Protein chains: 2
Amino acid sequence: MIPNDIEILNEVRLHTYQTPYFFTSRNILEINYQKFLNMFEGSEVYYALKANSDPKILTLLNGFGCGFEAASFYEIEQLLAVGIQPDRIIYGTSVKPSTHIMRAFDVGVNRFAADSHEELEKIAQFAPGSRVIIRAKVNDSGSVFAFSERFGAPKEAVKALVVYARHLKLKTYGLSFHVGSQATHVDHWANAISSLKPIMDQLDEEGIRIEILDIGGGFPVIYNNHKDLPHLDDIAKDVHKALKKLPYQPKIIMEPGRGIVASSTVMVSEVISRTIRNGKVWLVMDGGIYNCLYEAMIHQGTTQYDVRTMAMVEGDVDMLNYGITGPTGDSLDVITRSISLPSFISEGDRLIFENSGAYTITMASPFNGFPKPELYLS
Amino acid sequence: MIPNDIEILNEVRLHTYQTPYFFTSRNILEINYQKFLNMFEGSEVYYALKANSDPKILTLLNGFGCGFEAASFYEIEQLLAVGIQPDRIIYGTSVKPSTHIMRAFDVGVNRFAADSHEELEKIAQFAPGSRVIIRAKVNDSGSVFAFSERFGAPKEAVKALVVYARHLKLKTYGLSFHVGSQATHVDHWANAISSLKPIMDQLDEEGIRIEILDIGGGFPVIYNNHKDLPHLDDIAKDVHKALKKLPYQPKIIMEPGRGIVASSTVMVSEVISRTIRNGKVWLVMDGGIYNCLYEAMIHQGTTQYDVRTMAMVEGDVDMLNYGITGPTGDSLDVITRSISLPSFISEGDRLIFENSGAYTITMASPFNGFPKPELYLS
């Protein structure tokens, strides 16, 4: 157990909220944010709020001085609603509805991602003179959630897009890439930067310099079945080396979502039934796939959360292999088919699902009527 | 194209609502409901509202005289809110939180499913004297969504549960089973009934007769990749034969969800971008996996919706193979990777996703900020 875990587990035990609920440690959230900022001097962090857009989280991050990466005008509205200024917002999705570009521009957002000629034309029409970030496709193999099928211009097209953006009187603000969410190779960010070097060289020769390099998100988080992962320090070390080889040093922007919020938060859920099915003991929880832990289903076997009992268990305890399900009558509502926990767990006991701050509440649906849980702060 | 399709497509074309939205034909909804009722004389239909709990749908079905199968107390609250009486409600999930049983009983619901001793004890404690339906595990192979891992008592345990329920002073109201959602074998319902015959024989010998036999849901719906499916008439024919062999004739209850609502409803979505990726033409829609067509992701390649253009296309038209995605920046937001549609489709055009009334709105999450769409009635 890492120190973060102990801190948040101790905090959780001080409260008794109605389950299921999420509990966020302000302290861990700030530590995570500072870690990213410390990676590179003068860099900026734009938190990808799709990971967790709870207003309390957004307000805390805003207080730290964080920027925000939005995926729709609806998300921009969420940011404005908690008092975040438009000049701290990047509209980072590279394919956007025209109406959303227009509305974002209307409220003062003027940084947009693009990866195609038609997208640049939309931005030029509905957000004239804005700053654009051209998103390049990079190697995202080894990431749990790869994006290259849908997003990113092929590298041989990037220069033409930068030139076309200038032709459309847009400001060629930067280049970006995304190595895929929950990336597992330490050198993917550095390799992506190296692969953009020839493009930057060519542009530089033609007198075009980009202001920022957006190295995206994808920074991995520890789950029960994802323990041996690259550390931020090591990623940064490689990235630094790759940056030094560029013709000049653009400002670094990062767009972490999962990397900032996941380990700041736990989900607390109550056992509503302990039943035996086919000889196996199942714990049925009031927090399941649909209302709480969505990624555990989509990638069942991939996102497996560490689970702890609310009672800290010291010394030797009889352990048992359980399956854990959610509360719905749906066959997919299985959190895990195999986890070792103390054998004494019964109806009414509470379990803590660790590192569950990302892609949980934002993906919750009220299926079978179970509502989206509340999030509480330490 | 079946007549239903033409009717609803014509209706949709009369309106211009903000996309994405769902559009339900009252007429088709009633036809579907009556079909189930006509299957068996004196039978009752309890619509499984997890499939689609829009208040307008619930109100219409209530007006037809339909009953309702709820999966949580939250769903019971939704039913009460539109004026549905508790004596038209069955709480059909076989594993329930004690608090939900208690609250359901408090408002007047007194029919509960169970498939274990501990569940019967909970019902006896929190809803004393209620009527219980013992859910048996049956063969659900061949169904897209199988439930037997999590729900249903093994057949050799059913008799003991009925006896135990009486011991707990609960009313042994009925037996139930579920062949799995989107079942593909015509004889699964009949076989399930036949497999319960020995239990009913034994109980009958001991003077215990059940009042109802709940043959569940699972009645399949036509999707693009699921066309050759059993018809309701043929299912009923087999079921009739199986019923005749029972020692006496209990009342038949059905719990369709998908079977009633799916084909009554279409999803209408607008093209927000037409882009080429790796040589393939993609239509990016404002309605995608997360906000509209959830099952197209979970079982990508399994639930594929038929898609039509808003303009009725007559005669020879150049067709093109497209991929269709939703509006989020997420790699999983792919509705289909291959569908043939007229080649002329461009930004601003509208597409109609057929038979999309079930497990769509109830599973919607506002991921990336895109809100749950509205549902309109013809």
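In this predicted model, a polar atom in the side chain of B:Thr362 lies 2.8 Å from the backbone oxygen of B:Lys50. B:Thr362 itself belongs to the loop that runs between β15 (350-353) and β16 (374-377) of chain B, and because its relative accessible area is 8%, under the 20% that marks the limit, it counts as buried.

The surroundings of B:Thr362 come from both chains: leaving aside residues up to four places away in sequence, it touches A:Ser365, A:Pro366 and A:Phe367 on one side of the interface, and B:Leu49, B:Lys50, B:Ala51, B:Asn52 and B:Ser53 within chain B.

From this residue the view can be widened to the meeting of the two chains, where 62 residues of chain B are in contact with 63 residues of chain A. The area buried between them is about 4,700 Å², with carbon and sulfur atoms giving 53% of it. Of the area that chain B buries against chain A, 16% is supplied by B:Glu149, B:Arg150 and B:Arg277, more than by any other three residues.

B:Arg277 appears again in a salt bridge with A:Asp115, in which the closest N and O atoms are 2.7 Å apart. Two salt bridges are found across this interface, along with ten residue pairs in polar contact, both residues of each pair being at pLDDT 80 or more. Several elements of chain B each supply at least two residues to the side that touches chain A, among them α4 (73-81), α5 (98-107) and β14 (334-342), while β10(B) gives the most, with six residues. By class, that side of chain B has 26 nonpolar, 21 polar and 15 charged residues.

Conventions. Residues numbered from 1 in each chain as written. Chains lettered and ligands numbered in written order. Predicted model: local features only at pLDDT ≥ 70, side-chain atom pairs only at ≥ 80, totals over all residues. Heavy atoms only, no water. Helix = DSSP H or I, 4+ residues; strand = E, 2+ residues; numbered from the N terminus. Buried < 20%, exposed > 50% of the residue type's maximum accessible area, 1.4 Å probe, protein only. Polar contact = N/O pair within 3.5 Å; in protein donor to acceptor, adjacent residues only side chain to side chain. Contact = heavy atoms within 4.5 Å. Buried area = accessible area lost by both parts, 1.4 Å probe. Salt bridge = Lys/Arg side-chain N within 4 Å of Asp/Glu carboxyl O. Nonpolar A, V, L, I, M, F, W, Y, C, P; charged D, E, K, R; others polar.
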